[in-house]
Amino acid sequence: MIESNYFKFSLSMLLAPMFAVLAIWTVFWLELRLGVNFNEYGIYPRKLLGLQGVLFSPFIHGSVEHLYNNTIPLAILTLTLVYFYQRNALKVLCYGIIITGILTWLIGRPSFHIGASGLIYVLVSFVFFKGVFTKYYRLIALSLAIVFIYGSMLWYIFPIEEGISWEGHLSGFITGLILAKFIKTTIPESKKYKWEQDDFNEEEDEFLKHFDENGNFVEKIENEEKDTVKLVYHIKKTQKED
């Protein structure tokens, strides 16, 4: 597949980030509207009932600040995933939510773990490591951009701040690395110039013919045949009258 067909934007790509953002805001709005708290549907580690949070926790947030902090990264990273890894986007999102949730359930503290931050760490980790693993120049550039924008998030996979599920962050980071390693991605073929092709013959190249064996430029003046205009005169003789 050529590069122009692989990295092609369409309006349908906006559906994924729009749905993700709409989902988390709708759940929070329902909590306010109904006067209920959905935190008990989050992940509660090593409790059988706490496994329900594997599916529900990414949509539940404890405050407006918590919700707002996750909204913009979730939208940007989901769009990035869909644009650069369109064929694997759904697989990464589904596996990312499930594996991150299970790991959090295994290693987390005895508390309810909620929020989309675990999925955000999946996306950051996957996009970064996948670009490195593919060694494709555009995806490597994307990996560097991810490091520049979200590199500071790495600190939050450690227990440096109270009230933050660092276990969920760490689980998401590990999950993204695993998915980047094992999910196969189709990479477009880079455009090859004529001199990069295997059957390139230097002796037949018109540009290289202007250089001698020492690399000195030699101007070649080609004798071009000029079109000539041939004029033919017809002389008509007239008889003189006596």
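Is Glu-167 buried or exposed? I begin there, and I should say at once that the model before you is predicted. Glu-167 has a relative accessible area of 0%, so this residue is buried.

Glu-167 has a partner. Its closest pairing with Arg-109 brings N and O atoms to 2.6 Å, and the two residues form a salt bridge. The count of salt bridges in this model comes to 1. Arg-109 sits in the loop between helix 5, residues 89-107, and helix 6, whereas Glu-167 belongs to helix 8, residues 166-182; the pair therefore ties together parts that are 58 residues apart in sequence. Unlike the buried Glu-167, Arg-109 is partly exposed, at a relative accessible area of 34%.

Let me turn to helix 6, which covers residues 117-134. With 18 residues at 1.5 Å a residue, helix 6 should span 26 Å, and its end C-alpha atoms are indeed 26 Å apart. Of those 18 residues, 14 are buried, so helix 6 is largely enclosed by the rest of the structure.

How does helix 6 pass helix 8? The crossing is right-handed. The two axes come within 7 Å and cross at roughly 35 degrees. Among the residues making this contact are Tyr-121, Ser-125 and Phe-129 of helix 6, together with Gly-172, Phe-173 and Leu-177 of helix 8.

Ser-125 deserves a closer look. Its relative accessible area is 1%, and Ser-125 therefore counts as buried, the cut-off being under 20%. Setting aside neighbours within four places in sequence, Ser-125 is in contact with Gly-172, Phe-173, Gly-176 and Leu-177. With Leu-177 there is also a polar approach: the side chain of Ser-125 reaches the backbone nitrogen of Leu-177 at 3.0 Å.

Finally, I would draw attention to two backbone positions. Just after helix 6, Lys-135 takes a positive phi of about 60 degrees, although this residue is not a glycine. Lys-135 lies in the loop between helix 6 and helix 7, the latter being residues 137-150. At 68% relative accessibility, Lys-135 counts as exposed.

The second position is Arg-46, likewise not a glycine, with a positive phi of about 60 degrees. Arg-46 is found in the loop between helix 2, residues 15-34, and helix 3, residues 53-56. Its relative accessible area is 46%, so Arg-46 is partly exposed.

To close, I return to helix 8: Glu-167 in that helix pairs with Arg-109, and helix 8 is crossed by helix 6.

Note on methods: Residues are numbered from 1 along each chain as its sequence is written. This is a predicted model: local features need pLDDT of at least 70, side-chain atom pairs count only at pLDDT 80 or more; totals for chains, interfaces and linings use all residues. Side-chain values use heavy atoms; hydrogens and water are left out. Helices (H or I, at least four residues) and strands (E, at least two) are DSSP runs, numbered from the N terminus. Buried means under 20% relative accessible area, exposed over 50%, partly exposed in between (1.4 Å probe, protein chains only). A polar contact is a pair of N or O atoms within 3.5 Å; within protein, one must be able to donate a hydrogen and the other to accept it, and residues adjacent in sequence count only if both atoms are side-chain atoms. Contact means heavy atoms within 4.5 Å. A salt bridge is a side-chain nitrogen of Lys or Arg within 4 Å of a carboxyl oxygen of Asp or Glu. The expected span of a helix is 1.5 Å times one less than its number of residues. Axes are lines fitted to C-alpha atoms, for helices over the stretch in contact, and angles run from 0 to 180 degrees between N-to-C directions. A crossing is left-handed if the near helix is turned anticlockwise from the far one by less than a right angle, and right-handed if clockwise.
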